[in-house]
Amino acid sequence: MTGPEVTVRRQRVPPRDRILLAVLAALLAVAVFLPRGGPEAPSYVAPLPAAPTEILDLEDLHADLEELVRARPGLCRIETIGHSVEGRPLEVLVLTNTDGRSRRRAWIQGGIHAREWLSPHAVLRLAHDLLETDEGLLERVEVHMIPLLNPDGFTLSKSKTQKALWRKNRARGPRAGGLQGVMGVDLNRNFDCEWARLGSENPGRETYRGPGPASEPEVRAVQAYLGRIRFDFALDVHTGAPYQVHAPAAVKRDARGRTRHRRTAELMLKALRGSRAPSIFGGGGSSRFLRTASAGGQAVNYFFEKAGVPTAFTVEMGSFFLDPGDAHREALVQAWLNAFRAALDSL
Ligand SMILES: [Zn+2]
């Protein structure tokens with residue numbers, strides 16, 4: 001059955017009304033885009049910058065952090081927590097949607113080892129990811145992240161092909177033979193937690209632990225920040241070993257800590273398995289996904305034993321240094337973003 005035929009004709013708008021409509025539309029547009037809070041407190045919202053797919057240099061990484069803050073001033077801010085040996089700022093991005101009523105806090109650090117380029121990239125991508133898709137999570141969890149804890153070493157590794165595999169910071173001091181020069185300290189052996197038990201006392205070695213606990217400004221900056229703010233969860237993100245997470249050494253004598261770490265590691269592994277990346281992680285296997293770090297001046301041990309963070313991991317993203325290449329970079333990042341978010345969701 002068909003209804004009666006209806007003819008709809010376009011009504012002609014008289015010229016005077018058209019002008020009125022145009023004026024109203026213009027007023028509406030002004031009202032929508034007007035900065036809120038008055039000229040002394042601009043709080044405009046710009047589009048979020050596109051998430052970088054390439055691994056950025058230090059300057060571009062910092063510029064990207066600043067763009068995120070410009071785009072979402074109500075959700076994130078940058079804090080400079082110190083400076084590296086060569087004077088580069090150590091920038092922390094704080095993401096929160098809790099109006100200061102934060103429930104849980106997470107600390108995520110990347111780029112402690114210079115040649116592990118995917119680490120700062122993945123941490124930066126997590127910031128983009130949380131702002132793009134998960135403001136809800138930020139209502140429950142305040143995320144503090146330092147994508148690049150070793151900016152001097154990273155800059156050297158990124159800019160000089162013959163130094164690409166540099167690992168340590170750029171501390172100066174006596175090298176082998178008594179000559180002064182850059183010997184570099186392995187920042188992940190320099191934390192003030194059973195410092196002398198791990199790493200090397202030889203400045204020429206890759207794992208040189210430094211002249212004393214927390215001798216390095218990068219490490220002191222993190223320790224001071226974690227002394228000021230109490231965290232519920234922490235990650236130290238690396239590459240260069242089979243994909244796995246390491247719990248702090250002290251969970252061996254802490255049954256409840258062990259259970260808590262096992263539970264969170266299982267959530268992360270499940271998230272990783274849901275992605276296609278494990279086939280390209282290289283080496284190792286999921287059966288040994290959760291391991292225990294060695295006791296010594298590693299960040300993860302400091303987090304747990306000294307800073308009172310109840311759940312903390314060293315993350316190994318996979319067996320590669322530098323840039324894993326166009327074919328693998330994005331799959332690896334997506335897989336680990338899923339794992340990081342699974343852990344943050346469980347807080
Ligand atoms: Zn590392």
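These legends accompany several close-up views of a predicted model.

**View 1. The whole chain at a glance.**
Before zooming in, it helps to have the overall content in mind. The chain carries 10 helices and 10 strands. Of its 347 residues, 42% count as buried. Among contacts between residues at least 6 apart in sequence, 73% join residues at least 24 apart.

**View 2. An open, mixed sheet of eight strands.**
Follow the strands across the sheet and you will read the order β1-β2-β4-β3-β7-β10-β8-β9. At the edges stand β1 and β9 (290-292), each with a single partner strand, so one side of each has no neighbour in the sheet. From one strand to the next, the twist averages 25°.

**View 3. The pairing of β7 with β10.**
Here we look at strand β7, residues 233-238, beside strand β10, residues 311-316. The two run in the parallel sense and are joined over six bridges. A handy landmark is Asp236, whose bridge partner in β10 is Thr314.

**View 4. Helix α3 on the sheet.**
Helix α3, spanning residues 118-133, packs on the sheet and touches β1, β2, β3, β4 (141-146) and β7. The direction of α3 makes about 145° with that of β3.

**View 5. Helix α6 and its cover.**
How does the span of α6 compare with what is expected at 1.5 Å a residue? The 12 residues of α6 should span 16 Å, and the end C-alpha atoms are 16 Å apart, so the two agree. Buried along this helix are Glu218, Val219, Ala221, Val222, Gln223, Tyr225 and Leu226. Their spacing is worth viewing with the helical repeat in mind: an α-helix has 3.6 residues a turn, so residues three or four places apart point the same way. What covers the buried residues of α6 includes the strands β1 (76-83), β2 (89-95) and β3 (104-110), together with helix α9 (299-306).

**View 6. Asp186 and its surroundings.**
Asp186 sits in the loop between β6 (180-182) and α6 (217-228). Is this loop residue buried or exposed? Asp186 has 24 other C-beta atoms within 10 Å and therefore counts as buried, since the cut-off is 20 or more. Leaving aside neighbours within four places in sequence, Asp186 is in contact with Arg167, Lys168, Gly199, Glu206, Thr207, Tyr208 and Arg209. For a further reference point, find Arg170, which lies 16 residues from Asp186 along the chain. The C-alpha atoms of Asp186 and Arg170 are separated by 9.5 Å.

Key:
Residues numbered from 1 in each chain as written. Predicted model: local features only at pLDDT ≥ 70, side-chain atom pairs only at ≥ 80, totals over all residues. Helix = DSSP H or I, 4+ residues; strand = E, 2+ residues; numbered from the N terminus. Buried ≥ 20, exposed ≤ 12 C-beta atoms within 10 Å, placed from the backbone. Contact = placed C-beta atoms within 7 Å. Expected span 1.5 Å × (residues − 1). Pairing = 2+ DSSP bridges. Axes fitted to C-alpha atoms, helices over the stretch in contact; angles between N-to-C directions.
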